[in-house]
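Trainee: Could you take me through one part of this model slowly? I would like to look closely at a sheet and what packs on it.

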Amino acid sequence: MLKSTLAAAALLLSALAVRAEPVDPADWDGVLAQAEGQTVYLNAWGGSENINAYLEWANGELKERFGVTLVHVKLDDTANAVAKVVAEKAAGRDAGGSVDLIWINGENFAAMKQRGLLLSPGWAESLPNWQYVDYENKPTIRTDFTIPVEGQAAPWGMAKLVFFYDTARTDKADLPENATELLAWAEANPGRFSYPQPPDFIGSSFLKQVLVEKTEDRSLLQKPADEETFADVSAPLFAYLDRLHEVAWRSGRTFPENYPAMKQLLADGELEIIFAFNPAEASSAIANGELPDTVRSFTFPEGTLANTHFLAIPYNASATAGALVTANFLMSPEAQAHKQDPKVWGDPTVLAVDKLPEEARARFAALDLGIATLSPAELGPALAEPHPSWMERIEEEWKRRYTAGN
């Protein structure tokens, strides 16, 4: 019964498929002409009100400037969008796909690249606004979690793991300076720290931060995880978590769903230290009235994880021209400056401000990054992300150890 249903679905998808018109990013006037009137379905995480509002703003700008309609398909997990493209390819739907753009990085980008599910290499570096991208000083723009990007995704924003605390309740002198000190702090303050349950990406990022800090030979993490090395390399991480869960919020029996839930727990006084992958999150939350103005940021002096997030176009997108126009607009100085405003989103730019025209530089210079945002010098060193296979393996092992039987 299942096989016949899948076969019928495959035939239907094949029947619905249409031949995509060729699109040449080097012919930008041609791309703009093809894009006019198209609807672009952007599959992106929908768990944050300010990000959703930013995409609504982008839709208005795209409609007015280029005649492109942007529809935000709200996801709770990017892997769901990847699975849609995988299913369409399996069904022979090589054109007319349901996904035009995906907000992506890490293991999801690696999976799509490995399976040949991305638009041909090079398109991102052919976009008009690529000239302003800071690929010289931000190496994660061209190498995502050790995987070469090769112009198959357009950089959209920068991320760095940053911790937040409320100065009204926690003394700055007591803050931890590395994962080991964080565990000691949690043991001294039981019930006041937690992290989102993997596979939430913020929660998984915390696991990777500890993994990187606890691994003596970090070069191992730049290679795919394998059976021979995984158990030994990950042992210190899980020993750490075993101790942490004993003193975590609700004794590690349950975890915050995601970063917004963790932020609410800080606001409610249940948690004392939280973290995000955006240095401006605290200022943005203060500006939006979600956190008190006594909240501040800190990082670890020896470094925290950092990466770039991207917009990728599936090989079978229905509105390829519209997707290119959208990716280029979201990479523009105007859209990037608007996004970096903490009152809007606070996502750090992928652009090199010194490459911009004077008017655009002034727009960035005028931004008030907020009372709780650290300066670039205060953010500290950037730790390299492990190969995507490490994230997959530690998430599997985390689930096996801590959710079995629940």
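Mentor: Here is a walk through the sheet, followed by a short look at a pair of helices. Keep in mind that this is a predicted model.

Let's start with a general idea: strands of a sheet pair through backbone hydrogen bonds, either parallel or antiparallel. In the sheet here, 3 strands are arranged in the order S8-S7-S9, with antiparallel pairing, and the sheet is open. Strand S8 (273–276) and strand S9 (295–298) are at the edges with a single partner strand each, so one side of each has no neighbour in the sheet. On average, neighbouring strands are turned by 35 degrees against each other, ignoring direction.

Now zoom in on one pair. Strand S7, made of residues 162–166, pairs with S8 in the antiparallel sense over 4 bridges. To find a spot on screen, pick Val162, whose bridge partner in S8 is Ala276. Next, look for helix H9 (residues 259–267), which packs on the sheet and touches S7, S8 and S9. The direction of H9 makes about 150 degrees with that of S8.

For the helix pair, find H3 (residues 49–66) and H11 (residues 320–330): their axes come within 11 Å and cross at roughly 115 degrees. This crossing is right-handed. H3 brings Tyr54, Trp57, Ala58, Glu61, Leu62, Arg65 and Phe66 to the contact, while H11 brings Val325, Thr326, Phe329 and Leu330. Sorted by kind, the residues of this contact are 8 nonpolar, 1 polar and 2 charged.

Key. Residues numbered from 1 in each chain as written. Predicted model: local features only at pLDDT ≥ 70, side-chain atom pairs only at ≥ 80, totals over all residues. Heavy atoms only, no water. Axes fitted to C-alpha atoms, helices over the stretch in contact; angles between N-to-C directions. Helix = DSSP H or I, 4+ residues; strand = E, 2+ residues; numbered from the N terminus. Left-handed = near helix turned anticlockwise from the far one by under 90°. Contact = heavy atoms within 4.5 Å. Nonpolar A, V, L, I, M, F, W, Y, C, P; charged D, E, K, R; others polar. Pairing = 2+ DSSP bridges.
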